[in-house]
Structure formats: C-alpha cells, structure tokens
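Colleague: I have a structure to go through and would like some help reading it. Can we take it step by step?

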Amino acid sequence: MEKFADVLDMAQAHTEREIELRVSAIQRHANSGFGRESCILCGEPIPESRRRHVPNAQRCASCQEALERDQTPIRRSAA
C-alpha cells in the first residue's frame, strides 16, 4: 500500500508541475504582445510587422526560410 501512495504522490507532483508550466507559458504569451521578440535560432529581433502578421512566429524570416528550404539556419552567439 505504501508503494501505491508513493506512486500517487509522484503523479500528483508531476501534474502540479505540468499545470505550473502551462500557466507560465500562457502568462508569457499574454504578456508578450505579438509573438516572440527574438528568433529562437539566431537570437536576432523579429520585426514587429512579422510578429503582427504571424503572431506565433518563433523564428525570424531568414531562419524560417532556411528551415523551409531544409537548410540549417546559422546560430549566432547570444550576446
């Protein structure tokens, strides 16, 4: 019976963590306005016009085009 309780505790902790992560993601999205401000691949700013037209944009136009052409986008160092 004790083993069952441990499994339930682990499941509950996992569920609570998942909820925290989802709430955090929703809050980040709500506070960010039009999508991400910088590309997840190169770190360069995503122009506001792109963010407005593609609200869920994760990449700048250059990296997105490279990805769609099946090329590896160039990662720039984060400064």
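Modeller: One term to begin with: contact means heavy atoms within 4.5 Å. Leaving aside neighbours within four places in sequence, C39 is in contact with E44, I46, Q58, R59, C60 and C63.

Colleague: What kind of model is this, and how are residues numbered?

Modeller: This is a predicted model, in which local features need pLDDT of at least 70 and side-chain atom pairs count only at pLDDT 80 or more, while totals for chains, interfaces and linings use all residues. Residues are numbered from 1 along each chain as its sequence is written, and side-chain values use heavy atoms, with hydrogens and water left out.

Colleague: Back to C39, then. Where does C39 lie?

Modeller: C39 lies in the loop between α1 and α2. Helices here are DSSP runs of H or I with at least four residues, strands are runs of E with at least two, and both are numbered from the N terminus.

Colleague: Is C39 buried or exposed?

Modeller: C39 is buried, at 3% relative accessibility. Buried means under 20% relative accessible area, exposed means over 50%, and partly exposed is in between, using a 1.4 Å probe and protein chains only.

Colleague: How far apart are C39 and Q58?

Modeller: In sequence, C39 and Q58 are 19 residues apart; in space, they are 5.8 Å apart, C-alpha to C-alpha. Another pair to look at is P47 and C60, with their positions 13 residues apart in sequence and 7.8 Å in space, again C-alpha to C-alpha. P47 is also in the loop between α1 and α2, but P47 is partly exposed at 46% relative accessibility.

Colleague: Which residues make up the largest nonpolar core?

Modeller: That core has 6 residues: C39, L41, C42, I46, C60 and C63. A nonpolar core is a set of buried Ala, Val, Leu, Ile, Met, Phe, Trp, Tyr and Cys residues joined through side-chain atoms within 4.5 Å. In soluble globular proteins, nonpolar side chains tend to be buried together.

Colleague: I see cysteines in that list. How many disulfides does a search find?

Modeller: The search of the whole structure gives 0 disulfides, a disulfide being a pair of cysteine sulfur atoms within 2.5 Å.

Colleague: Why is C42 not bonded to C39?

Modeller: Because the sulfur of C42 is 3.7 Å from the closest cysteine sulfur, the one in C39, which is too far for a bond. C63 is in a similar position: the closest cysteine sulfur to its own is in C60, 3.6 Å away and too far for a bond. C42 is buried, with a relative accessible area of 5%, and C63 is buried at 5% relative accessibility.

Colleague: What does UniProt list for residues 39–63?

Modeller: An unreviewed UniProt entry lists residues 39–63 as "zinc finger region: dksA C4-type". Annotations of this sort may be inferred rather than shown by experiment, feature names are shortened, and the positions are in the numbering used here. In the model, the end C-alpha atoms of that span lie 8 Å apart, and the span is 36% helix and 0% strand.

Colleague: Zooming out, how many helices and strands does the protein have?

Modeller: There are 3 helices and 0 strands, and the pattern along the sequence is α-α-α. Of the 79 residues in the protein, 16% are buried. Among contacts between residues at least 6 apart in sequence, 17% join residues at least 24 apart.

Colleague: New topic. How many salt bridges are there?

Modeller: The count is 2 salt bridges, where a salt bridge is a side-chain nitrogen of Lys or Arg within 4 Å of a carboxyl oxygen of Asp or Glu. One joins R17 and E20, at 3.4 Å from N to O. The other joins E48 and R52, with the closest N and O atoms 3.3 Å apart.

Colleague: Where do those residues sit in the helices?

Modeller: R17 and E20 are 3 residues apart in helix α1 (residues 2–31), so about one helical turn separates them. E48 and R52 both lie in helix α2 (residues 48–53), 4 residues apart, which is about one turn of the helix.

Colleague: And are R17 and E20 buried or exposed?

Modeller: In between: R17 is partly exposed at 46% relative accessibility, and E20 is partly exposed at 47%.
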